[in-house]
Amino acid sequence: MESQDTVPLIIDGQDIRCSLKERQGTVANQYPGGPVSYQGATRDLALQAAQSSARAFTTWSKTTPIERRTLLFKLAQILRDRADEIKSVCCQEIHCGPLWADIITNDSIGLIEEYAALTTSVATGSIPYIQQGYGMVLKEPLGVVLGIAPWNAPIILGLRSVVAPIAAGNVAILKGSELSPHTHYLLASLFREAGFPPGVLNFLLHRPDDAPEIFDALINHPAIKKCNFTGSTQVGRIIASQAAMALKPVLLELGGKNFTVVLDDADLDLAAREVTKGAFLNNGQICMSTDMVLATTAVAPALEAKILAILQEIETAPMVISPAAKAKLEMLVSDAQDKGAGIHTAPRAVGHTPQSFPPTVVTGLTPEMKLYEIESFGPVVGIVSLETEEQIVSVIQEAKYGLSSSIISRNHYRALELAGSIKAGAVHINSMTVHDEPTLPHGGYGDSGWGRFGARWGLEEFVQTKVVTLHP
């Protein structure tokens with residue numbers, strides 16, 4: 001982008017830039033041409049978006065599933081055609097590498113096509129038995145859905161927040177992140193290019209300081225019927241409480257203190273590879289990233305040696321999203337070191353920017369250390385050594401978060417038995433904690449939120465059930 005450009009909002013199919021300079025923000029990561037600004041929404045603009053969406057719903061909700069499917073397949077093809085452009089912007093904004101950009105773009109295409117294929121099934125009702133006459137159970141769209149997307153996987157998480165509602169016959173407002181505004185704008189503009197009517201998807205951005213005002217305006221607007229939010233547990237609590245006051249349901253995918261359990265019979269080479277991939281992919285800034293390894297004392301020393309050997313070979317120093325994110329990682333590592341943990345960093349991964357942070361393994365992690373409880377959301381993983389598998393299960397049962405987990409074991413039956421004791425939305429056996437696909441449900445237990453994105457489970461989140469009885 002040229003330095004004079006401002007990332008606009010999209011309301012009723014039109015790019016919106018206004019003269020209120022005090023509402024504009026600066027994109028966190030500079031582009032080659034210099035700083036780039038984004039248009040921040042005012043309360044009035046947020047209300048305009050909601051009103052535009054309400055108007056669009058009256059006609060969009062009456063479109064056939066086949067019409068919606070056709071437009072969604074066109075959207076997927078446009079994303080495929082413009083993938084290189086969008087991936088380039090994504091890498092610029094969030095410091096991710098080509099691998100992560102490829103993953104989240106390819107998965108996004110699959111997500112759109114999966115929802116396109118399911119548009120007819122989500123509209124299918126049923127005819128249950130009633131004592132007299134006939135009973136019909138119908139599925140209807142809700143109305144306007146507010147989707148609040150994060151920056152760390154902006155392509156797939158931006159699309160995930162709005163594609164399912166739209167596929168089910170709703171309209172949506174995408175509230176993008178100020179840390180990835182250009183990426184989210186490009187995604188929103190694809191709907192316009194694909195031929196979706198104006199107002200079916202509106203797009204808003206705002207400065208962080210304006211978040212309370214904009215969310216209050218939207219969640220209390222009568223046209224908004226549901227909100228979905230992907231982000232931190234702390235902010236999720238605020239979203240849920242304000243939505244509850246407005247009697248609006250929410251779908252929340254929040255933080256995760258994700259762990260990999262390595263059993264005594266595990267392939268330790270496999271375990272070391274999956275732990276390091278899960279911990280360091282996208283600089284550890286994934287909701288499903290591996291934060292902690294639980295292993296018995298029988299295998300922990302050998303496992304640590306193999307993980308540290310991989311650490312020696314890493315040559316790229318990750319860049320985290322902000323100085324605040326780096327300061328948090330430094331605090332967690334320093335606290336663990338002060339309390340007796342071993343700190344191991346990749347010696348060849350030398351950073352050259354203020355936001356660089358080396359891949360780090362913390363050995364001897366104990367409950368007294370802050371890293372034991374706090375999600376790092378960066379390239380840091382801790383190893384906990386316990387005497388028995390029973391102690392591992394006890395740690396699992398005490399976990400507050402429950403988003404993703406994994407188990408490494410050669411005994412699949414044993415691993416399946418252990419999976420039953422893990423209160424998490426996903427358990428991956430002989431794989432890393434980072435795993436999601438368009439055909440799977442995705443969401444968490446406990447402090448990781450409630451509800452499910454993905455496939456038919458995700459579509460069911462955005463329809464309501466109506467009973468109609470027919471009598472002579």
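**Figure 1. Val362 pairs with Gly382 of strand S16 in this predicted model.** The bridge joins strand S15 (residues 360–363) to strand S16 (residues 380–386). These two strands run parallel and share 4 bridges. Helix H13 (residues 389–398) packs on the sheet. Its contacts are with strand S12 (258–262), strand S13 (290–296) and S16. The direction of H13 makes about 150° with that of S13.

**Figure 2. Seven strands form an open sheet with mixed pairing.** The strand order is S14-S15-S16-S13-S12-S18-S19. Strand S14 (342–345) and strand S19 (426–429) are the edges, each pairing on one side only. From one strand to the next, the twist averages 20°.

**Figure 3. Phe377 sits in the loop between S15 and S16.** Its phi is near 50°. That value is positive, and the residue is not glycine. Most residues other than glycine have a negative phi. Phe377 is partly exposed, because its relative accessible area is 22%, and the buried class ends under 20%.

**Figure 4. Asn430 also has a positive phi, near 60°.** Asn430 lies in the loop between S19 and strand S20 (445–446). Its relative accessibility of 23% makes Asn430 partly exposed. Like Phe377, Asn430 is a residue other than glycine.

**Figure 5. His412 belongs to helix H14 (residues 412–419).** With a relative accessible area of 51%, His412 is exposed. The cut-off for that class is over 50%. His412 and Ile429 are 17 residues apart in sequence. In space, their C-alpha atoms are 7.8 Å apart. Ile429 falls within strand S19 (426–429), an edge strand of the seven-stranded sheet.

**Figure 6. Strand S7 (residues 144–148) is largely enclosed by the rest of the structure.** This follows from burial: 5 of its 5 residues are buried, so the strand is largely enclosed. In a regular strand the side chains alternate between the two faces of the sheet. In S7, both faces are covered. Val144, Leu146 and Ile148 are buried on one side. Val145 and Gly147 are buried on the other.

**Figure 7. Gly147 has bridge partners in strands S8 and S10.** In S8, Gly147 stands opposite Leu174. In S10, its partner is Asn228. S7 pairs with strand S8 (residues 171–175) in the parallel sense, over 5 bridges. S7 is also joined by 5 bridges to strand S10 (residues 224–230), again in parallel. Helix H6 (residues 154–167) links into the picture: S7, H6 and S8 make a right-handed β-α-β unit.

**Figure 8. Glu253 carries the UniProt annotation "active site", from an unreviewed entry.** Glu253 is in strand S11 (residues 250–253). Glu253 counts as buried because its relative accessibility is 1%. Which residues is Glu253 in contact with, leaving aside its neighbours within four places in sequence? They are Arg160, Phe229, Thr230, Gly231, Cys287, Leu403, His442, Gly443, Ser448 and Phe453. Among them, Arg160 falls within helix H6 (residues 154–167). Phe229 and Thr230 fall within strand S10 (residues 224–230).

**Figure 9. Thr42 lies in the loop between strand S5 (37–38) and helix H1 (43–60).** Thr42 counts as buried because its relative accessibility is 11%. A polar atom of the Thr42 side chain lies 3.1 Å from the backbone nitrogen of Leu45. Leu45 falls within helix H1 (43–60).

**Figure 10. Three strands make an open sheet in the order S1-S5-S4.** Pairing in this sheet is mixed. Its edge strands are strand S1 (6–7) and strand S4 (25–26), and each pairs on one side only. S1 and S5 run parallel, joined by 2 bridges. Val7 stands opposite Tyr38 in S5.

**Figure 11. The annotated domain spans residues 38–468.** UniProt lists this range as "domain: Aldehyde dehydrogenase", in an unreviewed entry. Over the range, the chain is 44% helix and 19% strand. The end C-alpha atoms are 48 Å apart.

Terms used. Residues are numbered from 1 along each chain as its sequence is written. This is a predicted model: local features need pLDDT of at least 70, side-chain atom pairs count only at pLDDT 80 or more; totals for chains, interfaces and linings use all residues. Side-chain values use heavy atoms; hydrogens and water are left out. UniProt positions are given in the numbering used here, feature names are shortened, and annotations may be inferred rather than shown by experiment. Buried means under 20% relative accessible area, exposed over 50%, partly exposed in between (1.4 Å probe, protein chains only). A polar contact is a pair of N or O atoms within 3.5 Å; within protein, one must be able to donate a hydrogen and the other to accept it, and residues adjacent in sequence count only if both atoms are side-chain atoms. Two strands pair if DSSP finds at least two bridges between them. Axes are lines fitted to C-alpha atoms, for helices over the stretch in contact, and angles run from 0 to 180 degrees between N-to-C directions. Contact means heavy atoms within 4.5 Å. A crossover is right-handed if, with the strands pointing away from the viewer, the path from the first strand over the helix to the second runs clockwise.
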